[in-house]
Amino acid sequence: MPENKLPTILTDRLLLRKIIDSDLENIYNGLSNPKITQYYGVSYNSLEATKEQMTWFADKKQLWWAICDVNTKMFYGAGGLNDIDDKTNTAEIGLWLLPDFWGNGIMKEVLPLICNYGFKHLFLKRIEGFVESNNKNCKRAMAKLDFKLEKTVPDFEIKNGKPISVDIYAKTNQ
């Protein structure tokens, strides 16, 4: 898929649009917030450092949307597919929301939209979700959205100097 051809997706209450340069502060506000980065693999301590994430969003192996209110355009968070592999037709799904918007069903609404886009337009066969094993809220959400727990990988990576385990969930295009 060409780099700048990310479609806008609309629902009755949400707007998923391309992440743009003016989102830098919103991205920083999310990825510097300890409530978000507690279970997220990336964090930044300055706007300047967050530019690295903006470059990552622009990479053609990632398709990430800004998640916004359809009417006010208020920024809620970001979600998308990364590590898109055209050879195996797989990708990893990810999503984070600013804490003010937790518990409003946004994740439950957005993840199926992202999956549907991946299956129908990118012809993915498999979408994976890597969830830290102690992230109970995300694990419940993955199960509700028909992602199947495949395995737990102990000591999957080092975060803040400590090994963490990760549960691997997957959804396939049937």
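The legends below describe close-up views of a predicted model, moving from the whole chain to single elements and one residue.

**View 1. Overall fold of the predicted model, with five helices and eight strands.** From the N terminus on, the elements follow one another as β-β-α-α-α-β-β-β-α-β-α-β-β. The radius of gyration of the protein is 15 Å, close to the 16 Å that the globule rule gives for 174 residues, so the protein is as compact as a globular protein of that length. Along the principal axes, the C-alpha atoms fill a box of roughly 40 × 40 × 30 Å. Of the 174 residues, 45% are buried, and among the contacts with a separation of 6 or more, 56% are made by residues 24 or more positions apart.

**View 2. The open sheet, built from eight strands with mixed pairing.** The strands lie in the order 1-2-3-4-5-6-8-7, and the edges are formed by strand 1 (9-10) and strand 7 (148-159), each of which pairs on one side only. Helix 1 (residues 24-31) packs on this sheet, where it touches strand 4 and strand 5, and the direction of helix 1 makes about 85 degrees with that of strand 5.

**View 3. The antiparallel pairing of strand 4 with strand 5.** Strand 4 (residues 75-85) and strand 5 (residues 90-97) are joined by seven bridges, and within this pairing Gly80 stands opposite Gly94 of strand 5.

**View 4. The surroundings of Asn82, a residue of strand 4.** Asn82 has a relative accessible area of 8%, and because this value is under 20%, Asn82 is classed as buried. Leaving aside residues up to four places away in sequence, Asn82 touches Trp56, Lys61, Gln62, Trp64, Ala91, Glu92 and Gly94. Gly94, one of these contacts, is also the residue that stands opposite Gly80.

**View 5. Helix 3 (residues 47-58), with its buried and exposed residues.** Helix 3 has twelve residues and reaches 17 Å from its first C-alpha to its last, close to the 16 Å expected at 1.5 Å a residue. Thr50, Gln53, Met54 and Phe57 are buried in this helix; because these four cover an arc of only 105 degrees around the axis, they lie on the same side of helix 3. Glu48, Glu52 and Thr55, by contrast, are exposed on the other side of the helix. The buried residues of helix 3 pack against helix 1 and strand 3 (63-69), and helix 1 in turn packs on the sheet through strand 4 and strand 5.

Definitions and conventions. Residues are numbered from 1 along each chain as its sequence is written. This is a predicted model: local features need pLDDT of at least 70, side-chain atom pairs count only at pLDDT 80 or more; totals for chains, interfaces and linings use all residues. Side-chain values use heavy atoms; hydrogens and water are left out. Two strands pair if DSSP finds at least two bridges between them. Helices (H or I, at least four residues) and strands (E, at least two) are DSSP runs, numbered from the N terminus. Contact means heavy atoms within 4.5 Å. Axes are lines fitted to C-alpha atoms, for helices over the stretch in contact, and angles run from 0 to 180 degrees between N-to-C directions. Buried means under 20% relative accessible area, exposed over 50%, partly exposed in between (1.4 Å probe, protein chains only). The expected span of a helix is 1.5 Å times one less than its number of residues. The arc is that of the directions from the helix axis to the C-beta atoms. The radius of gyration is taken over C-alpha atoms; the globule rule is 2.2 Å times the number of residues to the power 0.38.
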